Amino acid sequence: MSGFGGFLVRRSLGTVVTLLAISVLVYVVFYATPGNVAQITCGPRCSPEQVHQVAQQLRLDDPLYVRYWHFLEGLFAGQDYSTGTSVEHCPAPCLGLSYQSDRQVMDIILTKLPVSLSLVLGAMVLWLVLGVGTGVLSAWRRGRFTERVLTALTLAGWATPVFVIGLVLMIVVCGELQLLPFPQYVKFTDDPEQWAWNLLLPWLSLALIEAAAFARLTRASMLETLAEDHIRTFRAYGVAERTIVGRHALRGALAPVIALNANNVGSAIGGAVLTETLFGLPGIGQELVHAVNVVDLPVVVGMVLVIGFFVVLANAVADVLYAVADRRVVLT
């Protein structure tokens, strides 16, 4: 197959292979390490009988490849788990049971995921608008006072930790000025307006840090694009500078911005721990830290797989957007 359709098929197959490779790596790292895996999975307070039951459920007596096959079987077909008095069915995609809370791992993830998605996607809009806009304006006004001011602000934003920005925003906006309430997560389906108002400060805290990186990258990419031959041709034909920057140079400079955004979105799903903790948002990152602290191995494995899925998905989408944003990209 050739053309854009063939590229989509090849990229989709590559994404599936990458996800399978991640699942193998994660399973081996967590379930094939030295030590009593059943004891680690069950937790330090489990009785010997409970540890034995977990060992049976994990099929630790089977070879590693057989155990991994059953793990994949749970992802695609579900599994049955014995709770001691009854058998509980875990529907696909089944990531196992939490032996700390006796809940299905996928249920825990689905409870926390909307919070993290709300935080990251809202912040993404802000960091793209602020970062790309600042970078374009800085490149357009190169050598002028405007560029110096924007460069200083960008460096300050890049150097400031997210918890400092968050604390300052809460003290000033919520405490002194009382313009916004202290953030408290509200479901979008319950009240969209309150959902947005309560997430505005977390969005700003996360976006201001990321926008600095996007501003620097956009400025460098724009300066490189503005020095290319076709831009000189547009100027020679008398095309307005505003049109050259907004319609031609920006489109050619978007490829590295798309790549950075894909990495940021994917990793921020589980990596915005400081932001979630600071504002009390019960998201994926905060739950992952809790699972690590209590050694809830099935939850840790499930969270890592979900975060890896979003990283791979974001990069796959970015590859498609390359072709849309820049026609010079060769589809392979």
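Glutamine 178 sits out in the open: with a relative accessible area of 62%, this residue counts as exposed, because the cut-off for that class is over 50%. In this predicted model, glutamine 178 also has an unusual-looking backbone to go with its place at the surface. Its phi is positive, about 55°, although the residue is not a glycine. As for its place in the chain, glutamine 178 belongs to the loop between helix H7 (162–176) and H8.

A second residue tells a similar story. Aspartate 102 has a phi near 60°, again a positive value in a residue other than glycine. Aspartate 102 is found in the loop between E2 and H5, and at 61% relative accessibility it counts as exposed.

That loop has something else to show. Proline 93 lies there too, between strand E2 (87–90) and helix H5 (105–140). The peptide bond leading into this proline from alanine 92 is cis, with omega near -5°.

On either side of that cis bond come the two cysteines of a disulfide, cysteine 90 and cysteine 94, whose sulfur atoms are 2.2 Å apart. How many disulfides does a search of the whole structure find? The search turns up one. The link between cysteine 90 and cysteine 94 is right-handed, with 110° about the S-S bond. Are these cysteines buried or exposed? Cysteine 90 has a relative accessibility of 1%, so it counts as buried, the cut-off being under 20%. Cysteine 94 is buried as well, with a relative accessible area of 2%. Cysteine 174 joins them in the buried class, at 6% relative accessibility.

Stepping back to the chain as a whole, there are 14 helices and two strands. The C-alpha trace spans about 80 × 60 × 35 Å along its principal axes. Of the 332 residues in the chain, 42% are buried.

Among the helices, H8 (residues 192–226) is worth a closer look. A straight helix of 35 residues would span 51 Å at 1.5 Å a residue, but H8 covers only 42 Å between its end C-alpha atoms. Where does H8 bend? The bend is at leucine 199 and comes to about 40°, with a proline, proline 202, following within four residues. Tryptophan 197 is part of helix H8 too. With a relative accessible area of 41%, tryptophan 197 is partly exposed, because that value falls between the 20% and 50% cut-offs. Tryptophan 197 and serine 118 are 79 residues apart in sequence, yet the distance between their C-alpha atoms is 12 Å.

The model also has some empty space to describe, starting with the pockets. The largest pocket has a volume of about 430 Å³. Its lining is made up of 15 residues, and those nearest its centre are Leu19, Leu75, Leu95, Leu305 and Phe309. Helix H1 (3–31), helix H4 (64–77) and helix H14 (297–325) are the elements that give two or more residues to this lining. Which of them gives the largest share? That is H1, with five residues. In character, the lining of the largest pocket divides into 14 nonpolar residues, one polar residue and no charged ones.

Then there is the closed space. The structure holds one cavity of 30 Å³ or more, and the largest cavity contains about 220 Å³ of space. Lining the largest cavity are 17 residues, with Tyr31, Leu58, Phe71, Gln79 and Tyr81 the closest to its centre. H1 and H4 turn up again here, and along with strand E1 (79–82) each supplies at least two residues of the cavity lining. This time H4 gives the most, with four residues. The lining of the largest cavity is a mix by class, with ten nonpolar, five polar and two charged residues.

Notes
Residues are numbered from 1 along each chain as its sequence is written. This is a predicted model: local features need pLDDT of at least 70, side-chain atom pairs count only at pLDDT 80 or more; totals for chains, interfaces and linings use all residues. Side-chain values use heavy atoms; hydrogens and water are left out. A disulfide is a pair of cysteine sulfur atoms within 2.5 Å. Buried means under 20% relative accessible area, exposed over 50%, partly exposed in between (1.4 Å probe, protein chains only). On a 1 Å grid over the protein atoms alone, a cavity is a set of points where a 1.4 Å probe fits but cannot get out, and a pocket is an open set with protein on both sides within 12 Å along at least five of seven lines; lining residues have an atom within 4 Å of a point. Grid points are joined across faces, edges and corners, and a volume is the space filled by probe spheres set on the points. Ala, Val, Leu, Ile, Met, Phe, Trp, Tyr, Cys and Pro count as nonpolar, Asp, Glu, Lys and Arg as charged, and the others, Gly among them, as polar. The expected span of a helix is 1.5 Å times one less than its number of residues. The bend at a residue is the angle between axes fitted to the seven residues ending there and the seven starting there.
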